[in-house]
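Work through the exercises below with the sequence and the coordinates open. Each task is followed by its solution.

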Amino acid sequence: MKKSPVKPIEARSVSNLVTDELRRSIMSGDLAPGETVSLRKLADMLGVSFIPVREALRNLEAEGLVITQPGRSAYVAPLHLDDLQGIYRLRRTIEPELAGRACRIISDAELDRLEAEAEDFGDEQNTIHTIYEAHRAFHAALLTPAATEWDRRILNLLWQAAERYVRIGFSKIDPAPEDKRRRQHAHEDLIDAFRTRDPGVVAKAVLVHLSRNEETALRALSSDPEIATASGTG
């Protein structure tokens, strides 16, 4: 059979591509919290028609990233510090217990692999934006051995909700090399805790890790006058 001279192209709708690009811009803060997003301007910038942009905004509204009002322009959902605290309160309820069970199941080989990834987090070329997917995969891999399908669904929802706060907050303090090394060491500490195979030690380490991340994000974001301190304000 003659080999095709071209490779098949993955079929993806334009609206999905537009959704991905707008989500990336919102998560990174390129489209700022509270910023008005004009359908016409976005279509021109992306080089597409109104229809996929409108569909993308509907998708992003369902994810809580965009707010649309009838007869008015859409705008990027604001950030609220009490929402961030609520997200971490839920994460502290779920993740330490799950990690305590996972530490007894996860293999040494997987911990070795994740330790090598943690070392990469300290690379001075990295920013919170360039490593975020690997960062999220790192935490998922630690918990997956003990996670049910519903655990994964809830965690993915919480991680996505936290992502914009973390990426925008940490990017305000990210340039210093010592901050990158702290990120590396914080994740290496998690691996060390998992190697003890002690659920109590692991649960405490995860609690400390989550609390430090929340405190860092809160400290970075609280100085921004555009970020509300409570839902429904600002």
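**Exercise 1: a serine and its surroundings**

Task: find the contacts of S25, leaving aside neighbours within four places in sequence, and decide whether S25 is buried or exposed.

Solution. Step 1: with those neighbours left aside, S25 is in contact with D30 and L31 (contact means heavy atoms within 4.5 Å). The model is a predicted one, in which local features need pLDDT of at least 70, side-chain atom pairs count only at pLDDT 80 or more, and totals for chains, interfaces and linings use all residues. Residues are numbered from 1 along each chain as its sequence is written, and side-chain values use heavy atoms, with hydrogens and water left out.

Step 2: S25 belongs to helix α1, residues 14-28 (helices are DSSP runs of H or I with at least four residues, strands are runs of E with at least two, numbered from the N terminus).

Step 3: S25 counts as buried because its relative accessibility is 9%; buried means under 20% relative accessible area, exposed over 50%, partly exposed in between, with a 1.4 Å probe and protein chains only.

**Exercise 2: the nonpolar cores**

Task: describe the largest nonpolar core and name the element that gives the most to it.

Solution. Step 1: this core has 43 residues, and F138, L142 and F194 have the most contacts inside it. A nonpolar core is a set of buried Ala, Val, Leu, Ile, Met, Phe, Trp, Tyr and Cys residues joined through side-chain atoms within 4.5 Å.

Step 2: two or more residues come from each of α4, α5 (108-120), α6, α7, α8 and α9. The element that gives the most is α7, with eight residues.

Step 3: not counting residues up to four places away in sequence, F138 touches L114, E117, A118, F121, H187, L190 and I191.

Step 4: a second, separate core of 16 residues includes L22, L31, L65 and V66.

**Exercise 3: the largest pocket**

Task: give the space in the largest pocket and describe its lining.

Solution. Step 1: the space is about 500 Å³. A pocket is an open set of points on a 1 Å grid over the protein atoms alone, where a 1.4 Å probe fits, with protein on both sides within 12 Å along at least five of seven lines; lining residues have an atom within 4 Å of a point.

Step 2: the lining has 22 residues, with R182, R183, A186, R212 and N213 nearest the centre of the pocket. Elements that give two or more residues to this lining are α6 (128-143), α7 (149-171), α8 (177-195) and α9 (199-222).

Technical notes
Points joined across faces, edges and corners; volume = space filled by probe spheres on them.
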